[in-house]
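Dear colleague,

Please find below the structure that I am handing over to you, together with its sequence. My notes on what was found in it follow directly after.

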Amino acid sequence: MKKPHHFPVTLFCAALASAFSLPAASAKEGMFTPEQIPGIADDLRATGLNLDPATLADLTAFPMGAVISLGGCTASFVSPKGLVVTNHHCARGSVQFNSTSENNYLENGFLAASLSEELPAAPGSRVYVTLQVDDVTEQVTGGLDPALAPRERFTKIEQRRKALIRECESEPGYRCQAASFFGGLQYKLIRRLEIRDVRIVYSPADAIGKYGGDIDNWRWPRHTGDFAFYRAYVGPDGNPADYSEDNVPYSPPHYLEVSAAGLEDGDFVMAMGYPGSTSRYARLASVRQTFDWQYPEFVRFFSDWIATIEAAAPQGSEARIRYASRLAQLNNVLKNLKGQIDGARRNDLVGRRAKREAELNDWIAADPHRMMLGQAIEELDALSEERAEEAKRSYWYGNALRPQLLSAAQRLYRLAHERGKPDAARESGYQERDMAMFRQRMSVIDRRYDPEVDKAEWMLFLRGYLNQPDEMRIEALDEAMGLSPELSDEKLSEKLDGYYEDSVLNDLDTRLTLMDASPEEFESHPDPFMRLAVALHETQMEREEAAKVRSGRANLLNPQYMRAIINWQQSRGHAAYPDANSTLRVTYGTVMGGSPADGLLYEPFTRLQGILQKDTGEEPFNSPVAQLELIRAGDYGDYFLDSIGSVPVNFLSDLDSTGGNSGSATLDAHGKLVGLLFDGTLESVNSDWDFDPSITRTIHVDTRYMLWVMEKVDGAAALIDEMTIIR
């Protein structure tokens, strides 16, 4: 293999600085970091923004100071008393956690009549308020010898990131991350206030918040009231604290005013949020592996997984309530995957990516000084091929380790080993900073686990694993469980019965006690899941070590590839923006319908009358009777939009978004909350890989519909009074 070339960090940062000062590749394309806002200020104004764009670059100013992360979804403060608005599907896990068959808040909805009636969110729920972002590229990668062995490079980078985080978190109540941008070309230290006492305040019934269900998911027209409210609490001293009846609502420095005046077609909108992940700079090898094998395999697997849960947890059972969130997530991902596959075929993603790489190669070849970049990219492509092959080898083995008690046993045994190291040397996820979340993850199992359903899932996973060729199976798992392809379903079922019947891990106190156990205690424990975790540990460590070596290689090669991309796009007059990575971003555009296919027209708004047209009285089109009566009576309150002759329910925009943006505050030109981003159209989902402005559309729930439901259907007048409503 050729020796990789190295470029100084100063050149990396210079390339980034020049990229940020260029106009956007498209007015609507891009999930921009706050510091990129000055570079797109002119286009923001031209598109319709009436605020000073500089305010969007200030995390402590309005409106950015009101936007928060839930650690997977986005939300925002909408009152001085810590009231938080997000999507219904983002809060649904907490509603499910508090639901039983006797008191099913999923079906009936939940509204706290007072602060004292607000319920604790699911264990592990957090509100993260981003306070500060600093460039720490030099501290993370500066001075690293390009000749370092890949494993040593990986270790040094991780050590430096951990040291930065440790210093950042020296004051209690904060959670920090040293996030990678542009494939490791840039690192930023992000400081967030971590609010640990989060409570559910109001969530409409599924018949409103999940109206249309999986049938309408990723589809237009939509009529989904995808909104819910949390409240953030802190200790009496104003600092973050664990749940206590003595805690008080958090007073945010900024909160959003809610518009009841709303929007019209063509109006400016922007969204602030924490988009999870995009792959717009992925190499062709990764694209091919994903769409030729990974996504089609996921579609088959997820379809079988959903059917398995539905069969083992019948509708109306306690088990179905426990697995409601998982089913919703699986169905959501399944539909997204199908849309991704269709979009890649329709838009010729492979051909377009191959064309882009050929053009990049031509640009590199045009200047001898760039040839070293081409060499690094060749080596990165080889690494991508290796990773693709390893992903195939690991796929079914990874599935076989999914059962909840096995997963808990493996995490607990790993913790026993990590606790023997100095805290700074522990793996991320096992440091002292992680222990509160670790305990809560152990706790949440109690409300999301059923042994019969878990066993049915494990049967599915293991049968898929046993159907693989010998070279795709793992000797340690086969030996520990006595597995072979000849094992009948009956014998496999009997084998698994022993795990569930003899395990003590289904007891919360036992799981929490084992957080302090030594490796020797695990190794002598008779619990079958623990014995299996011990038997697999060495294999797991070997596989993790190989992954770290590959990551060390990527840590050197990816930045060089991204430097080439940035400079190439700069030469064409375009600015590069980093792929989404769950950090705060801004996206902007206009309210806009579309025509994603010949003869298919999408209007920008849907109306209350559409609920009547869809309603069948059966899930998922079973709107509450009171709501249907209000619509038939034309009781629109103050939320009527003349141009559509109704109350707007959902609306479309051309904003650039992806998963993690769910719950993002959608603001108008003056910074007023006009909606919540909650979905995209099926034709748009492939924009994770290749943005197409002609078909990319994002779906939002309109604040006028939110307020109408709150006032007319659910009687949430107290919450409306608590917020500042702009009429």
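Phe291 and Trp689 are both buried. Please bear in mind throughout that the model is a predicted one.

**Aromatic residues**

The rings of Phe291 and Trp689 form an aromatic pair, with 5.2 Å from centre to centre and 70 degrees between the planes, which makes the arrangement edge-to-face. Phe291 belongs to helix 9 (residues 284-312), while Trp689 sits in the loop between strand 20 (673-680) and strand 21 (698-702); the pair therefore ties together parts that are 398 residues apart in sequence.

A second pair is formed by Phe301 and Trp305, and this one is tilted, at 5.4 Å centre to centre with 40 degrees between the planes. Phe301 and Trp305 are four residues apart in helix 9, and about one helical turn separates them. Both Phe301 and Trp305 are buried. They also belong to one aromatic cluster, in which they are joined by Trp293, Phe298, Phe302, Tyr395, Trp396 and Phe461. The count of aromatic pairs comes to 33.

Two arginines lie over aromatic faces. Arg191 is placed over the face of Tyr174, 3.8 Å from the ring centre. Arg370 is placed over the face of Trp363, 3.9 Å from the ring centre.

**Helix 23 and helix 24**

How do the axes of helix 23 and helix 24 cross, and at what angle? Helix 23 (residues 625-632) and helix 24 (residues 703-713) have axes that come within 11 Å and cross at roughly 110 degrees. Helix 23 is therefore roughly perpendicular to helix 24. On the side of helix 23, the contact involves Gln627, Leu630 and Ile631; on the side of helix 24, it involves Tyr705, Trp708, Val709, Lys712 and Val713. Of the residues in this contact, six are nonpolar, one is polar and one is charged.

Helix 24 is largely enclosed by the rest of the structure, because nine of its eleven residues are buried. The buried residues in helix 24 are Thr703, Arg704, Tyr705, Met706, Leu707, Trp708, Val709, Met710 and Val713. After helix 24 comes Gly715, which has a positive phi, near 65 degrees.

**The loop between helix 8 and strand 10**

Several of the residues to be noted lie in the loop between helix 8 (213-216) and strand 10 (228-234), Gly225 being one of them. Is Gly225 buried or exposed? Gly225 is buried, and its relative accessible area is 0%. Apart from its neighbours within four places in sequence, Gly225 is in contact with His88, Pro204, Ile208, Gly209, Val701 and Tyr705. Tyr705 is also among the helix 24 residues that meet helix 23. The C-alpha atoms of Gly225 and Glu452 are separated by 33 Å, and these two residues are 227 residues apart along the chain.

Most residues other than glycine have a negative phi, and most peptide bonds are trans. Against that background, two further residues of this loop deserve mention. Trp218, found in the loop between helix 8 and strand 10, has a positive phi of about 65 degrees although it is not a glycine. Trp218 is buried, with a relative accessible area of 12%. Pro221 lies in the loop between helix 8 and strand 10 as well, and the peptide bond that leads from Trp220 to Pro221 is cis, with omega near 10 degrees.

Trp218 is also a contact of Asn336; leaving aside neighbours within four places in sequence, Asn336 is in contact with Trp218 and Val685. Asn336 lies in helix 11 (residues 324-346) and is buried, with a relative accessible area of 15%.

**Further backbone features**

Another cis peptide bond joins Glu619 and Pro620, where omega is about 10 degrees. Pro620 is found in the loop between helix 22 (608-614) and helix 23.

Ser582 is not a glycine either, yet has a positive phi of about 70 degrees. Ser582 is located in the loop between helix 21 (528-571) and strand 14 (585-590). With a relative accessible area of 36%, Ser582 is partly exposed.

Yours sincerely

Notes
Residues numbered from 1 in each chain as written. Predicted model: local features only at pLDDT ≥ 70, side-chain atom pairs only at ≥ 80, totals over all residues. Heavy atoms only, no water. Axes fitted to C-alpha atoms, helices over the stretch in contact; angles between N-to-C directions. Helix = DSSP H or I, 4+ residues; strand = E, 2+ residues; numbered from the N terminus. Parallel < 35°, antiparallel > 145°, perpendicular 65-115°, else oblique. Contact = heavy atoms within 4.5 Å. Nonpolar A, V, L, I, M, F, W, Y, C, P; charged D, E, K, R; others polar. Phe/Tyr/Trp six-rings, centres within 6.5 Å; stacked < 30°, edge-to-face > 60°. Buried < 20%, exposed > 50% of the residue type's maximum accessible area, 1.4 Å probe, protein only. Lys NZ or Arg CZ within 6 Å of the ring centre and 35° of its normal.
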